[in-house]
Amino acid sequence: MRPCVFLDRDETLIANASLGPPAHPHPAWKPGDLSDPERVVLLDGALEACRVMRGAGYALVVVSNQGCVARGSATIDDVEAVNARVGELLVDNAGSALIERFYYCPYHPEGNVPEFAREDELRKPAPGMILKAVRELDLDLERSWLIGDMPRDCESGVNAGIDADRCLLIGEEGRFTDVLAAARHVVGMADPAPIL
Ligand SMILES: [Mg+2]
């Protein structure tokens, strides 16, 4: 089983709330909703962070709440197009994808698209996305990490069974300034068993 670093997407790997509204926002648009792959911008250090962690042997999996689908300001296709763009930008020197898979939660209890307007075990802080990845990709939770910019990101990791010390909050309130600082911590920590 391989260890993994679970990564939040918005404001961890890519700019999001700071982007401002699109040219023609949907009436349900809220800061943070991103439906246009052309607006994807990697945060400083995100590419290097992913390269460093992949280089150390970690699988990289994105776990992202996308309540914009439940609110109606983006569709499943939009979210998948944005994820595909993020995946295109996060590649190694040979052009191979660094992110193994993107998981997202389209549900939100206060949504107005009936199909998605509910609470769900996938929605962080619930651990559903992480547990699904562990099952589908055969990951070793005990040696895995999580990096995110919101307390609920870290809570989802703890709820999945990741050691709290391995759930790293980044940003102004966080333990690390950004994803690259967190990634350096991840690869700098000696693991009890070799990774590769
Ligand atoms: Mg975030």
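This report walks through the central sheet of a predicted model, then a helix beside it and one buried lysine.

**The sheet**

Let's start with the strands. Five of them make an open sheet with parallel pairing, and their order is β3-β2-β1-β4-β5. At the edges sit β3 (101-105) and β5 (167-169), each of which pairs on one side only. From one strand to the next, the twist averages 20 degrees.

Here is how three of the strand pairs are joined:

| Strand pair | Sense | Bridges |
|---|---|---|
| β1 and β2 | parallel | four bridges |
| β1 and β4 | parallel | three bridges |
| β4 and β5 | parallel | three bridges |

A few residues help you find these pairs on screen. Cys4 has Ala59 in β2 as its bridge partner. Phe6 stands opposite Leu146 in β4, and Leu146 in turn has Cys167 in β5 as a bridge partner. To get from β4 to β5, the chain passes through helix α5 (residues 151-160), and this β-α-β crossover is right-handed.

Strand β4 (residues 145-148) is worth a slower look. Its side chains alternate: Trp145 and Ile147 point one way, Leu146 and Gly148 point the other way, and all are buried.

**Helices against the sheet**

Helix α4 (residues 128-137) packs on the sheet, where it touches β1, β2 and β3. The direction of α4 makes about 145 degrees with that of β3.

Now turn to helix α6 (residues 179-188). Which of its residues are buried? They are Val179, Leu180, Ala182, Ala183 and Val186. These residues lie on the same side of α6 because they cover an arc of only 155 degrees around the axis. The elements covering them include β1, α1 (46-55), β4 and β5.

**A buried lysine**

Finally, have a look at Lys124, which you will find in the loop between β3 and α4. Is Lys124 buried or exposed? Its C-beta atom has 25 others within 10 Å, and a residue counts as buried from 20 upward, so Lys124 is buried.

Which residues does Lys124 touch, leaving out those up to four places away in sequence? The contacts are Asn65, Arg152, Asp153 and Ser156. Arg152, Asp153 and Ser156 fall within the range of helix α5 (residues 151-160), and Asn65 falls within that of strand β2 (residues 59-65). Glu155 is another residue to place alongside Lys124: the two are 31 residues apart in sequence, and their C-alpha atoms are 7.7 Å apart in space.

Key: Residues are numbered from 1 along each chain as its sequence is written. This is a predicted model: local features need pLDDT of at least 70, side-chain atom pairs count only at pLDDT 80 or more; totals for chains, interfaces and linings use all residues. Two strands pair if DSSP finds at least two bridges between them. Helices (H or I, at least four residues) and strands (E, at least two) are DSSP runs, numbered from the N terminus. Axes are lines fitted to C-alpha atoms, for helices over the stretch in contact, and angles run from 0 to 180 degrees between N-to-C directions. Two residues are in contact if their C-beta atoms, placed from the backbone, lie within 7 Å. A residue is buried if 20 or more other C-beta atoms lie within 10 Å of its own, exposed if 12 or fewer, and partly exposed in between; C-beta atoms are placed from the backbone. A crossover is right-handed if, with the strands pointing away from the viewer, the path from the first strand over the helix to the second runs clockwise. The arc is that of the directions from the helix axis to the C-beta atoms.
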